[in-house]
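Visitor: Could you walk me through this structure? I'd like to talk about the contact between chains, and then about a pocket.

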2 protein chains.
Amino acid sequence: MEIVSQQRLFDGRQIRCRHRSECCACEMTFSIYLPPQAARAPVPVVYWLSGLTCSDENFSTKSGAQRSAAMHGIALVIPDTSPRGDQVAGDPDGGWDLGLGAGFYVNATQAPWKPHYRMYDYVAEELPALVESQFPLDAERRAISGHSMGGHGALVVGARQPERYRSISAFAPICAPMDCPWGQKALTAYLGSDREAWRNYDASRLLEQGDPGIPILVDQGTEDEFLQSQLMPERLRRAAVNSGASLELRYHAGYDHSYYFIGSFIEEHLEFHSKHWIQEDRS
Amino acid sequence: MEIVSQQRLFDGRQIRCRHRSECCACEMTFSIYLPPQAARAPVPVVYWLSGLTCSDENFSTKSGAQRSAAMHGIALVIPDTSPRGDQVAGDPDGGWDLGLGAGFYVNATQAPWKPHYRMYDYVAEELPALVESQFPLDAERRAISGHSMGGHGALVVGARQPERYRSISAFAPICAPMDCPWGQKALTAYLGSDREAWRNYDASRLLEQGDPGIPILVDQGTEDEFLQSQLMPERLRRAAVNSGASLELRYHAGYDHSYYFIGSFIEEHLEFHSKHWIQEDRS
């Protein structure tokens, strides 16, 4: 693992790293924010999964999350959204919703994606193992969050491996990728046309199958241009009601799909995660 | 004036506007953040001048300033850093430190810059007159701030027209443009080789000539790659000591020249400006 850059921010450190990923069979870049508290003891960590077209830099530079991360003593780990490099396939149609920047946090089974597009394993296993061995992170206090495609990723990873996380949160997540154009395009390409294989990557189907047993917070703006066509939070709510999963779904009047929406509520998400660590630690 | 976009942010509104500037003889774009308090009464306003290569979008998306602006009820007005458009001259050498994105907040007197590069008058007169007539802003509580080239702009505008502002602040400003490569290149191009004409755009010379009578806060990172060669804050400090100007110059260990530095201390700057409004209103 190589440190590409390191910058001071809210008395902590914003670090950009590059490493060889076995999982994705290419070089991967990620960012990590270490709050000042990490200089003294291992700190809890929120994994942040970004949306379509993003790299590790969008959340790092635009969310303002490091302010409350520093206040609450939380590390932020921010992976890229797909494998990258000359050898990695992109969307043959030149779209921004498949391929580079659009890995959808799945393990692809289809050509030409299969050798590199293993973003599920990367964000759920390989990257945590790496960063938790290299930085002062407390693996007992892990949470996962994300935006849009990354909100989908956070819900899916958290619902499938709840034993690894204390809590899940998402901003404007793609709640039912099997039922929306972005999801159908990506799942067809990466997993093939057998829809049975898609169910493991659909948060609403996963929540319907069972309560993961950890709390989930979802924020959604009412002026989000993708709300009806791509995001479908009511589908997730119905699934949670059916299985008894602990989902708090909040609508925010007037907010759109941008980082301005994330910036406005990221502090509340970090406080949500913090609260559940503290509660569990006390009980 | 045309509203290009409008987004909800910390319960207020981030608005992007385009208008015909008489001063710059071209279309200009700026952004304004209106905090929620502006829905009820006119609010105080901080004019923010950005650095080299920036547009109105960098500070808007990267500083996180709207959070504390919403908390303290402050509007932020964020102009572009130069005139733009097909008819506007750029650096003939293709540099990023002259021409487009690098207006240096001067009124150019030399060809080919003269017809459009009038950024001093634009940020000090034309833009305030426009936004203060179009939005609920309290012109009695105006402050000015900026970063790098924009820190230079804020110091120069504030020192030359202190009756218009309650306070000045700057992040890593170019304190003595007559003495550094960025400043010498720009002032030679825009104003010609007569250095007497440059003095009106050099914050250290201006502060030396007299105390503007309003408080000034300057923050500077110790790991700023431009500190010694371009910024020269000690030159500004000597000038302030000589004239008795109220300058607080703070060094921050480990911080660089980036928006991560601005983000870490912007809240303190807005609190600094707020405090002086409140004190003056009470006295």
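Guide: What follows covers the contact and then the pocket, and please keep in mind that this is a predicted model.

Visitor: OK, how many residues does the contact take from chain B and from chain A?

Guide: Chain B gives 20 residues to the contact and chain A gives 20 residues, and the area buried between the two chains comes to about 1800 Å², with 51% of that area from carbon and sulfur atoms.

Visitor: Which residues in chain B lose the most area to chain A?

Guide: Those are Gln7(B), Arg8(B) and Tyr260(B), which together make up 37% of what the chain B side buries.

Visitor: And how many salt bridges are there between chain B and chain A?

Guide: The count is two salt bridges, and the side chains of Glu267(B) and Arg67(A) meet in a salt bridge at 3.1 Å, N to O.

Visitor: Which elements of chain B supply at least two residues each to the side that touches chain A?

Guide: Strand 1 (2-9), helix 1, helix 2 (65-72) and helix 9 each do so, and the largest share, four residues, comes from helix 9 of chain B. By class, that side of chain B divides into five nonpolar, nine polar and six charged residues.

Visitor: Switching topic, how much space lies in the second largest pocket?

Guide: The second largest pocket holds about 420 Å³ of space, and of its 19 lining residues the closest to its centre are Thr53(B), His147(B), His257(B), Ser258(B) and Tyr259(B).

Visitor: Which helices supply at least two residues each of that lining?

Guide: Helix 1 (56-62) and helix 9 (259-282) of chain B each do, while the lining as a whole has seven nonpolar, nine polar and three charged residues.

Note on methods: Residues are numbered from 1 along each chain as its sequence is written. Chains are lettered from A and ligands numbered from 1 in the order in which they are written. This is a predicted model: local features need pLDDT of at least 70, side-chain atom pairs count only at pLDDT 80 or more; totals for chains, interfaces and linings use all residues. Side-chain values use heavy atoms; hydrogens and water are left out. On a 1 Å grid over the protein atoms alone, a cavity is a set of points where a 1.4 Å probe fits but cannot get out, and a pocket is an open set with protein on both sides within 12 Å along at least five of seven lines; lining residues have an atom within 4 Å of a point. Grid points are joined across faces, edges and corners, and a volume is the space filled by probe spheres set on the points. Ala, Val, Leu, Ile, Met, Phe, Trp, Tyr, Cys and Pro count as nonpolar, Asp, Glu, Lys and Arg as charged, and the others, Gly among them, as polar. Contact means heavy atoms within 4.5 Å. Buried area is the accessible area (1.4 Å probe) that two parts lose on being put together, summed over both. A salt bridge is a side-chain nitrogen of Lys or Arg within 4 Å of a carboxyl oxygen of Asp or Glu.
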